[in-house]
Amino acid sequence: MMNNMPEDERIREIYERISEAAKAWPPTTLSYYEGQPFKALIASMLSAQTREEQTFKAMNALFELADNPVDMLQLSDEQIREAVSPVMYFENKAKYVREICQRLIEHDKGVVPRTVDALTEYKGVGWKVAVLTLAVGYGIYEDITVDVHVNRIGKRLGLVNPETKQPPKISEELKKVLPREYWPYWNGLMVQFGRVICQPTYPQCAKCLVRDLCPQINVIKIGPNRFKDAGYA
Ligand code: SF4
């Protein structure tokens with residue numbers, strides 16, 4: 001049964017419980033590149049629609065070969081392609097790696113831009129990648145980074161309208177209900193929580209640490225202690 005506390009208290013309790021539990025969960029891949037804008041940009045672009053472990057493999061392989069735009073441009077197309085081959089759409093993303101490095105040097109003096117508008121001028125960089133790059137690379141949090149975990153869990157928890165699809169709108173809805181000091185941590189926490197408990201297809205509701213605070217929107221109970229997602233990725 002869901003606890004009937006005021007909404008701001010419910011949100012604070014959800015945040016605090018998940019933050020505490022997350023200390024024991026594996027860190028997110030992107031957290032390795034905090035404060036490193038170039039690596040954050042390349043890693044964020046590579047991570048799109050790709051499982052974390054595959055992204056991690058690709059990033060390790062690529063950054064082993066080169067860790068700055070000048071050196072990366074010295075690599076052959078084949079070297080870049082092979083390094084990033086674990087990620088989805090790696091052939092396109094390998095081209096983006098080169099184009100990003102070229103634009104960085106020719107247009108921005110090798111410095112990763114600090115705004116969403118400037119970053120989305122780069123090939124392969126949409127709103128989500130730009131927001132993630134700013135958050136990880138520079139610690140700039142004007143928006144909440146939205147990925148599949150933030151989207152899915154926000155809807156199940158009743159923080160986001162289940163009909164909202166576009167990441168910028170999901171971010172706006174979350175910003176209205178989450179205190180400003182949570183914004184930097186929300187994406188990372190949801191990635192960790194989404195891997196361990198609130199999983200995509202079969203969320204672990206029966207053992208969930210915020211079960212009493214969650215309306216389980218669009219989660220269907222299908223058997224003893226078994227819950228299934230109703231289709232929101
Ligand atoms: S109760 Fe279920 S749907 Fe709600 S947050 Fe926990 S695992 Fe996710």
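The dialogue below explains how to read salt bridges, a ligand site and a pocket in a predicted model.

User: What should be known about the model and its numbering before reading it?

Analyst: This is a predicted model, in which local features need pLDDT of at least 70 and side-chain atom pairs count only at pLDDT 80 or more, while totals for chains, interfaces and linings use all residues. Residues are numbered from 1 along each chain as its sequence is written, and side-chain values use heavy atoms, with hydrogens and water left out.

User: How many salt bridges are there?

Analyst: A salt bridge is a side-chain nitrogen of Lys or Arg within 4 Å of a carboxyl oxygen of Asp or Glu. By this rule the count is 12 salt bridges.

User: Which residue forms a salt bridge with Glu-13, and where do the two lie?

Analyst: Helices (H or I, at least four residues) and strands (E, at least two) are DSSP runs, numbered from the N terminus. Glu-13 pairs with Arg-17, their closest N and O atoms being 3.0 Å apart. These two residues are 4 residues apart in helix α1 (residues 7-22), so about one helical turn separates them.

User: Are Arg-17 and Glu-13 buried, exposed or partly exposed?

Analyst: Buried means under 20% relative accessible area, exposed over 50%, and partly exposed in between (1.4 Å probe, protein chains only). Arg-17 counts as partly exposed because its relative accessibility is 24%, and Glu-13 is also partly exposed, at 28%.

User: Which residue forms a salt bridge with Arg-17 at 2.7 Å?

Analyst: Asp-212 does, with 2.7 Å between the closest N and O atoms. Asp-212 lies in the loop between α11 (183-196) and β1 (219-223) and Arg-17 in helix α1, so the pair ties together parts that are 195 residues apart in sequence. Asp-212 is partly exposed, at 25% relative accessibility.

User: Where does the salt bridge of Arg-156 and Asp-229 lie?

Analyst: The closest N and O atoms of Arg-156 and Asp-229 are 2.8 Å apart. This pair links distant parts of the chain, with Arg-156 in helix α9 (residues 148-156) and Asp-229 in strand β2 (residues 226-229), 73 residues apart. Both Arg-156 and Asp-229 are buried. Elsewhere, salt bridges that share partners join Glu-13, Arg-17 and Asp-212 into one network.

User: What surrounds the ligand?

Analyst: A residue is near a molecule if one of its heavy atoms lies within 4 Å of it. The ligand is surrounded by 13 residues, the closest being Phe-193, Cys-198, Cys-205, Cys-208 and Cys-214.

User: How is empty space found, and what lines the largest pocket?

Analyst: Rolling a probe the size of a water molecule over the atoms shows where empty space is left. On a 1 Å grid over the protein atoms alone, a pocket is an open set of points with protein on both sides within 12 Å along at least five of seven lines, and lining residues have an atom within 4 Å of a point. The largest pocket has 44 lining residues, and Glu-52, Asp-147, His-149, Asn-187 and Val-191 lie nearest its centre. Helices α1, α2 (37-47), α3 (52-65), α8 (127-138), α9 and α11 each give two or more residues to this lining. Of these elements, α11 gives the most, with 9 residues.

Definitions and conventions: On a 1 Å grid over the protein atoms alone, a cavity is a set of points where a 1.4 Å probe fits but cannot get out, and a pocket is an open set with protein on both sides within 12 Å along at least five of seven lines; lining residues have an atom within 4 Å of a point.
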